[in-house]
Amino acid sequence: MKQIIRRPPPAVLLAIAGAAQSAMTRGRTATPASVAAATAVVGGSLCLLAGSAGTFLRHRTTVDPVRVERAQHLVVDGPNRITRNPMYLGLAGVLLSHAIARRSPSAVIPLVGFVWLIDRYQIPAEEAALEARFGQAYLDYKEAVPRWLGARGVPARPQS
């Protein structure tokens, strides 16, 4: 019998990471320079998020990370040309911008936890659903575009 693993939605993981960052940075003040740097990072992150969501809506397919199997189209344009996960990269950027604004290296710890959980549990489940739905077209896309940024064709981690 196959065990069903319940994953908290990415929005919940983001909220937990953000709350942890806020607790860790209590009393840390932002400076004009840290706010300027954080603004650049959050701006790029929000562009990734909005650009990707807009592309998904233009293709009339789901952006729901819990119901990936409902996808009607394989989105490979817009921000998805450079990373298979622009929305998660954008969310990670929002967390990074908070750590930068508060000038807190320790606030990167919840960011690392968020990325690790998304990379280890959420993305492999999405990749399996997309492969089942789109077959070779998804495998070709997966080979051509990196999961995050950088190396091409990063293989998925096997499910536990």
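# Buried charges, ring pairs and helix α3

Me: Why does D119 count as buried?

Reply: D119 has 10% relative accessibility, and buried means under 20% relative accessible area, exposed over 50% and partly exposed in between, with a 1.4 Å probe and protein chains only, so D119 counts as buried. This is a predicted model, in which local features need pLDDT of at least 70 and side-chain atom pairs count only at pLDDT 80 or more, while totals for chains, interfaces and linings use all residues. Residues are numbered from 1 along each chain as its sequence is written, and side-chain values use heavy atoms, with hydrogens and water left out.

Me: What makes R147 and D119 a salt bridge?

Reply: The closest N and O atoms of R147 and D119 are 2.9 Å apart. A salt bridge is a side-chain nitrogen of Lys or Arg within 4 Å of a carboxyl oxygen of Asp or Glu, so the pair qualifies. The two residues come from distant parts of the chain, 28 residues apart: D119 is in helix α4, and R147 is in the segment after α5 (136–144). Helices here are DSSP runs (H or I, at least four residues; strands would be E, at least two), numbered from the N terminus. R147 has a relative accessibility of 3% and counts as buried.

Me: How many salt bridges does the structure hold?

Reply: The structure holds three. One of them joins R84 and E127, with the closest N and O atoms 2.7 Å apart. R84 is in the loop between α2 (32–58) and α3 (86–101) and E127 is in helix α4, so this pair ties together parts that are 43 residues apart in sequence. R84 is buried at 8% relative accessible area, and E127 is buried at 4%.

Me: What makes R84, D119, E127 and R147 a network?

Reply: The four residues are linked by salt bridges. R84 is joined to E127, and R147 is joined to D119. E127 also forms a salt bridge with R147, the closest N and O atoms being 2.6 Å apart. E127 lies in helix α4 and R147 in the segment after α5, so that pair ties together parts 20 residues apart in sequence.

Me: How do you know that E126 has no salt bridge?

Reply: The nearest side chain of opposite charge to E126 is R7, at 6.5 Å. Lys and Arg count as positive and Asp and Glu as negative, while His and the chain ends are not counted. The limit for a salt bridge is 4 Å, so R7 at 6.5 Å does not qualify. E126 is nevertheless buried, and its place is in helix α4 (residues 108–134). Leaving aside neighbours within four places in sequence, E126 is in contact (heavy atoms within 4.5 Å) with P65, V68, N85 and Y88.

Me: Why is the pair of W116 and Y121 called edge-to-face?

Reply: A search of the whole structure finds two aromatic pairs. W116 and Y121 are 5.8 Å apart centre to centre, with 80° between the planes. Rings of Phe, Tyr and Trp (its six-membered ring) pair if their centres lie within 6.5 Å; planes under 30 degrees apart count as stacked, over 60 as edge-to-face and the rest as tilted. The angle of 80° is over 60, so the pair is edge-to-face. Y121 has 32% relative accessibility, which makes it partly exposed.

Me: What makes the pair of Y138 and Y141 tilted?

Reply: Their planes are 55° apart, neither under 30 nor over 60, so the name is tilted. The ring centres of Y138 and Y141 are 6.2 Å apart. Both residues lie in helix α5, three residues apart, about one turn of the helix, and both are buried.

Me: How do you know that R120 lies over the face of Y121?

Reply: R120 is 5.3 Å from the ring centre of Y121. A charge sits over a ring if NZ of Lys or CZ of Arg is within 6 Å of the ring centre and within 35 degrees of the ring normal.

Me: How do you know that the span of α3 agrees with 1.5 Å a residue?

Reply: The expected span is 1.5 Å times one less than the number of residues. The 16 residues of α3 should therefore span 22 Å, and the end C-alpha atoms are 22 Å apart, which agrees. The buried residues of α3 pack against α1 (10–24), α2 and α4; among them are Y88, L91 and L95.

Me: Why does R60 count as exposed?

Reply: R60 has 73% relative accessibility, so it counts as exposed. R60 lies in the loop between α2 and α3, and its phi is near 55°, a positive value in a residue other than glycine. The phi of R103 is also positive, near 55°, and R103 follows α3. R103 is partly exposed, at 36% relative accessible area.
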